[in-house]
Amino acid sequence: MKFFNIATIAITLLISVSMLASKPSAAQSKAAEKTKSSTAKADPHGEYKIGERLNPNKPTKSATSAVQSASKDSPKDATGKPINFKTISWEDLIPASWDPSADFKDMDLGNFNDADPRAISALKKLRTAWDNAPTNPLFNQKYVRIPGFVVPLDIENGKVGTFLLVPYFGGCLHTPPPPANQIIEVQLEQAQVIKTMEPVWVSGQLDSVRSQTELGTAGYRLNAVKVVPYKESSRR
């Protein structure tokens, strides 16, 4: 099993996700500042840094083609018209009532170190809470389009048939897995060539199906109609 720096990486992830649901405490803010430099590691190609997210509302070259292609190949409604895929963000997948940092607000995370028993206990508690993170029922059985990074689960002859989609670069590989409601297991009808941690747009039907994998627990499953690269004109 891969070792992760408890006091820096795991707690930093807790803080980053908690910002989606609530304002971080003073202790969490202190820990975030302390660990900021340790997570500012870029990928080998100089594209993204660990923890960096994709913006679903930012126009991209592949976004337009994704919509057009999905319209041609997507399932049809009762009238024979293509089903429209709603563009969503990762924040949409988190129930409004769920606070991922609820059990950690009173901890002085900024003073933890890797050997601190409290840090080890906090990581175990965090993992249990995140693996059981609730999903948002509003998106069950909905056709959606969302950007994320690819974590392959099976590769055969250089092609990927199933992968985890995560909201930020490094999730499940360079850092501990995010909460289950921030991991989507994507199943492809036909395997295709996709690189590890490649940024992509995924279009398909989303279901609240929990699945445990060696790389993380996914709270959602998506039967993909289309997977295309996420390309930002401002990068390279």
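A salt bridge here is a side-chain nitrogen of Lys or Arg within 4 Å of a carboxyl oxygen of Asp or Glu. Keep that in mind for one of the stops below. What you have open is a predicted model, where local features need pLDDT of at least 70 and side-chain atom pairs count only at pLDDT 80 or more, while totals for chains, interfaces and linings use all residues. Residues are numbered from 1 along each chain as its sequence is written, and side-chain values use heavy atoms, leaving out hydrogens and water.

**The whole chain**

Start with the cartoon view. You should find four helices and eight strands, which are DSSP runs (H or I of at least four residues for helices, E of at least two for strands) numbered from the N terminus. Going along the sequence, the order is α-α-α-β-α-β-β-β-β-β-β-β. Of the 236 residues, 49% are buried, meaning under 20% relative accessible area with a 1.4 Å probe and protein chains only; exposed is over 50%, and partly exposed is in between.

**The largest core**

Next, select Leu93, Phe163, Leu165, Ile184, Val186 and Val202. In the largest nonpolar core, which has 21 residues, these touch the most other members. Such a core is a set of buried Ala, Val, Leu, Ile, Met, Phe, Trp, Tyr and Cys residues joined through side-chain atoms within 4.5 Å. Colour strands E2 (142–156), E3 (159–166), E4 (184–192), E5 (199–207) and E8 (220–229), since each supplies at least two residues of this core. E8 gives the largest share, four residues.

Now zoom in on Leu93. Leaving aside residues up to four places away in sequence, its contacts (heavy atoms within 4.5 Å) include Ile88, Pro134, Phe139, Ile146, Ile184, Leu206 and Tyr220. There is also a second, separate core of 15 residues; Phe149, Leu164, Cys172 and Ala218 are among them.

**Around E8**

Show the backbone of E8 with E4 and E5. Strands pair if DSSP finds at least two bridges between them. E4 and E8 do so in the parallel sense over five bridges, with Ile184 opposite Tyr220. E5 and E8 run antiparallel over eight bridges, and there Leu206 has Leu222 in E8 as its bridge partner.

**Asp207**

Stay in strand E5 and pick Asp207. Which side chain of opposite charge is nearest to Asp207? Click on Arg221: it is 7.2 Å away, and Asp207 is buried with no salt bridge. For charges, Lys and Arg count as positive and Asp and Glu as negative, with His and the chain ends not counted. Not counting residues up to four places away in sequence, Asp207 touches Asn140, Gln141, Gly219, Tyr220, Arg221 and Asn223.

**Two positive phi angles**

Jump to Asn157, in the loop between E2 and E3. Its phi is near 55°, a positive value in a residue other than glycine. Then go to Cys172, in the loop between E3 and E4; this residue is not a glycine either, yet has a positive phi of about 80°. Buried or exposed, what is Asn157? Asn157 counts as exposed, because its relative accessibility is 76%. Cys172, at 7%, counts as buried.

**Last stop: Trp98**

Finally, select Trp98 in the loop between strand E1 (86–87) and helix H4 (117–131). Trp98 is buried, with a relative accessible area of 14%. Add Pro134 and draw a C-alpha to C-alpha distance: the two are 7.5 Å apart in space, though 36 residues apart in sequence.
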